[in-house]
Amino acid sequence: MLAGVLGTSARLLALLSLMQSRSVWLGSELAERLGVSARTIRRDIDQLRELGYPVEAARGAAGYYRLGVGAKLPPLLLDDEEAVAVAIGLRAATGVSGIRESSARALAKLEHVLPHRLRSKVTAVHEATSAGPQNTSSNAIDPEVDGATLAAIATAIRDRQLLRFDYARGVDAPSDALPAGTSTPSGPKLVEPYRLVSWSRRWYLVGRDPETATWSTFRVDWLTPRAATHRRFRPEPLPDDDYTTFVLRDVASTGWKAHARITVLAPAQEVLARINATVGVVESIDDRRCVLVTGADSLETIAVYIGMLGLDFEVTEPPALVEHLRAVGERYLRAIGPRAQSPTVP
């Protein structure tokens, strides 16, 4: 109960915040939440109207209150987690064409009023994050990422403190492989956190095992931080300091629902010149052949990728991809008619 604690002005702000969080409130519910009488709620509603906020109401035992659409935007009252999440989203939007300037203005206004404890969290996330190429055509459902989790990871990166967390594979992980987007199995972890990478509508953490010096990629939406360790570590960054490329290659080789090793009948450099790091990893065999290790959410997508290379290739596994390519090849041959069955015919 808040009775006797909040003054009139503070209670009006609390009332406005409640009404922004839900479309309809019973007067009795508002009175209970604020610890005042129904009469006080009616009086506070009248004051909000005098201030220009359109509050719709129906009186009686089952009366309700609802914040209507008005001529001006009411104060947006956010709790700590909401404020951090909005600021992180606005920082990301400052790189989006068309809304870059308006996002920057909105972010400046929000950061101006953020308490120092929240501003430092937002700044830590911004400074600890890199962005990979965004796949805006994907139909995948965006995973939920907790803003508090991002802030905890970013703070550990900034303060160079070991990060302890629980790691559990999500429902969208491959059923017969390691968790998507990670080269390490599920379970409790203790790592040196180095970088957050936002790529293809997902967040990843790049971390290093302090005992084995093994680098790994972790899906942030599968990560639950434990209490802060307050144990500092001496940073030993990746040799090329390119955490984004590390994530792209790690996910390409281990993190998709479907994987394939394609023998391409061309030098590795020629293949590398035709792809980017999101497609896969190229391993040279000799001066005329190489292997493309690639993956995607489906075999159909892999078939499209390798068809777009414009180079001859051989596929022997997985068997399902071989069968899919055979079916697609026969379909294409049928599409251009019987003359295709005799390539020597002029």
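Select helix α3, residues 38-50. Its 13 residues reach 19 Å from the first C-alpha to the last, close to the 18 Å expected at 1.5 Å a residue. The expected span is 1.5 Å times one less than the number of residues. Helices here are DSSP runs of H or I with at least four residues, strands are runs of E with at least two, and both are numbered from the N terminus.

This is a predicted model: local features need pLDDT of at least 70, side-chain atom pairs count only at pLDDT 80 or more, and totals for chains, interfaces and linings use all residues. Residues are numbered from 1 along each chain as its sequence is written, and side-chain values use heavy atoms, with hydrogens and water left out.

**Stop 1: the two sides of α3**

Stay on α3 and colour T40, I41, D44, I45 and L48. These residues are buried. Buried means under 20% relative accessible area, exposed means over 50%, and partly exposed lies in between (1.4 Å probe, protein chains only). The buried residues cover an arc of only 140° around the axis, which puts them on the same side of α3. The arc is that of the directions from the helix axis to the C-beta atoms. Now turn to the other side of α3: R39 and E50 are exposed there. Step just past the helix to G52, which takes a positive phi of about 105°.

**Stop 2: helix α1**

Select residues 8-21, helix α1. At 1.5 Å a residue, its 14 residues should span 20 Å, and the end C-alpha atoms are 20 Å apart, which agrees. Which residues of α1 are buried? They are R11, L12, L15, L16, L18 and M19. Their arc is only 160° around the axis, which puts them on the same side of α1. The face turned away from that buried side carries the exposed residues S9 and S21.

**Stop 3: where α1 meets α3**

Show both helices together. Two packed helices are described by the angle between their axes and the distance between the axes. The axes of α1 and α3 come within 10 Å and cross at roughly 85°. Axes are lines fitted to C-alpha atoms, for helices over the stretch in contact, and angles run from 0 to 180 degrees between N-to-C directions. α1 and α3 are therefore roughly perpendicular to each other. Angles of 65 to 115 degrees count as roughly perpendicular, under 35 as roughly parallel, over 145 as roughly antiparallel, and the rest as oblique.

Show the side chains. T8, R11, L12, L15 and M19 in α1 meet T40, D44, I45, Q47 and L48 in α3. The residues of this contact divide into five nonpolar, three polar and two charged. Contact means heavy atoms within 4.5 Å. Ala, Val, Leu, Ile, Met, Phe, Trp, Tyr, Cys and Pro count as nonpolar, Asp, Glu, Lys and Arg as charged, and the others, Gly among them, as polar.

**Stop 4: L30**

Select L30 in helix α2, residues 27-34. L30 is buried, with a relative accessible area of 0%. Not counting residues up to four places away in sequence, L30 touches L15, L18, W25, I41 and Y65.

**Stop 5: α6 and α7**

Move to helix α6, residues 116-128, and α7. Their axes are 8 Å apart and the helices pack at an angle of about 70°. α6 and α7 are therefore roughly perpendicular to each other. S120, K121, A124, V125 and A128 in α6 meet L150, A151, A154, T155, I157 and R158 in α7. This contact divides into seven nonpolar, two polar and two charged residues.

Next, pick T149, also in α7. T149 is buried, with a relative accessible area of 9%. Leaving out residues up to four places away in sequence, T149 touches V220, L223 and P225.

**Stop 6: backbone exceptions**

Most residues other than glycine have a negative phi, and most peptide bonds are trans. Select R160, in the loop between α7 and β5. R160 is not a glycine, yet has a positive phi of about 55°. Then select H230, in the loop between β9 and α8. Phi of H230 is near 55°, a positive value. Buried or exposed? At 61% relative accessibility, H230 counts as exposed. Last here, the peptide bond from E317 to P318 is cis, with omega near -5°.

**Final stop: V264**

Select V264 in strand β10, residues 258-264. At 0% relative accessibility, V264 counts as buried. Add F313: V264 and F313 are 49 residues apart in sequence and 4.2 Å apart in space, C-alpha to C-alpha.
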